[in-house]
Amino acid sequence: MSYFDFNDANEQSSFDLIPKGTLVRVRMTIRPGGFDDASQGWTGGYATRNDNTGSVYLNCEFVVMEGEYARRKLWSLIGLYSPKGPEWANMGRAFVKAILNSARGVHPGDASPQAQNARRIAGFADLDGIEFLGKVDWEKDQNGQDKAVIKQAIQPDHKEYAALMGNARPSAPAPSATTPNAYAQATGRAPVTGRPSWAQ
């Protein structure tokens, strides 16, 4: 069979956009942009700086982990700095906080020391590879075409969190067997034993 005979090739797959509002468990990876600012703690080359606007952000890829849209990829930026003011950076910080709550099974209203530790990271490397429940949205790309993005993390207070994160490997701290974490409470699964570095 000649490679150049395409009569027996498969038909193209359809790549319609994932519907807006769909909840999907995703793994986030950061595409390094090589920009560091040690005064902000931004090291490791994870951040990207736009030379035209001066804005700084994390260029993130999200891979759907399971279900109907498994292995589909979405991309979004997480704002770190904008010369126009603090709003974009504040939106980025709010998104990262929600990502940590979602990934580590922390209720957004939980102000316990364990929850506060779960919302701290040592650096952007802690976000590279993190899994959480995200909500699909649409926005226009540079050509005016719709593209699917992740702009919101779904936290344990959401009614569908337990069902959709139930198969995920929990990454939330369990202070003791008698004090289950929010992930365990939401999913009915046993809390994880041991403490990761952010739960010390």
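## Where the model is shaky

Over residues 169-187, pLDDT stays under 50, and the model has 44 contacts beyond four places in sequence for this stretch. This is a predicted model, so here is the caution to keep in mind: where pLDDT is low, the predicted coordinates should not be read in detail. A second stretch, residues 189-195, also stays under 50, with 18 contacts beyond four places in sequence.

For the protein as a whole, the mean pLDDT is 85, and 82% of the residues reach 70 or more. Confidence bottoms out in helix H4 (residues 182-187), with a mean of 46, and peaks in S4, at 97.

## The main core

Now for the inside of the protein. The largest nonpolar core has 31 residues, and the ones touching the most other members are Met28, Leu58, Phe62, Leu127, Phe132 and Ile150. At least two core residues come from each of these elements: strands S1 (23-31), S3 (42-49), S4 (56-64), S5 (73-81), S6 (131-140) and S7 (146-154), plus helix H1 (87-104). The biggest giver is H1, with 6 residues.

Take Met28 as a way in. Skipping its neighbours within four places in sequence, Met28 is in contact with Cys60, Glu61 and Phe62, with Ile78 and Ile99, and with Leu127, Asp128, Gly129, Ile130 and Phe132. Set apart from this core is another one, made of 5 residues, including Leu23, Leu133, Ile154 and Tyr161.

## Helix H1

H1 runs for 18 residues and spans 26 Å from first C-alpha to last, close to the 26 Å expected at 1.5 Å a residue. Its buried residues are Ala89, Gly92, Phe95, Val96 and Ala98, then Ile99, Leu100, Asn101, Ser102, Ala103 and Arg104. Right after H1 comes Gly105, with a positive phi near 65 degrees.

## Pro156 and the end of H1

Pro156 sits in the loop between S7 and helix H3 (161-165). Why does Pro156 count as buried? Because its relative accessibility is 11%, and the cut-off for buried is under 20%.

So what does Pro156 touch, leaving aside neighbours within four places in sequence? Pro156 is in contact with Asn101, Ser102, Gly105, Val106, His107, Pro108 and Tyr161. Two of these partners, Asn101 and Ser102, are among the buried residues of H1, while Gly105 is the residue that follows H1. Tyr161 belongs to the 5-residue core. As for Ala103, its C-alpha is 9.3 Å from that of Pro156, with the two positions 53 residues apart along the chain.

Note on methods: Residues numbered from 1 in each chain as written. Predicted model: local features only at pLDDT ≥ 70, side-chain atom pairs only at ≥ 80, totals over all residues. Heavy atoms only, no water. Core = buried A, V, L, I, M, F, W, Y, C linked by side-chain atoms within 4.5 Å. Buried < 20%, exposed > 50% of the residue type's maximum accessible area, 1.4 Å probe, protein only. Helix = DSSP H or I, 4+ residues; strand = E, 2+ residues; numbered from the N terminus. Contact = heavy atoms within 4.5 Å. Expected span 1.5 Å × (residues − 1). pLDDT = per-residue confidence, 0-100.
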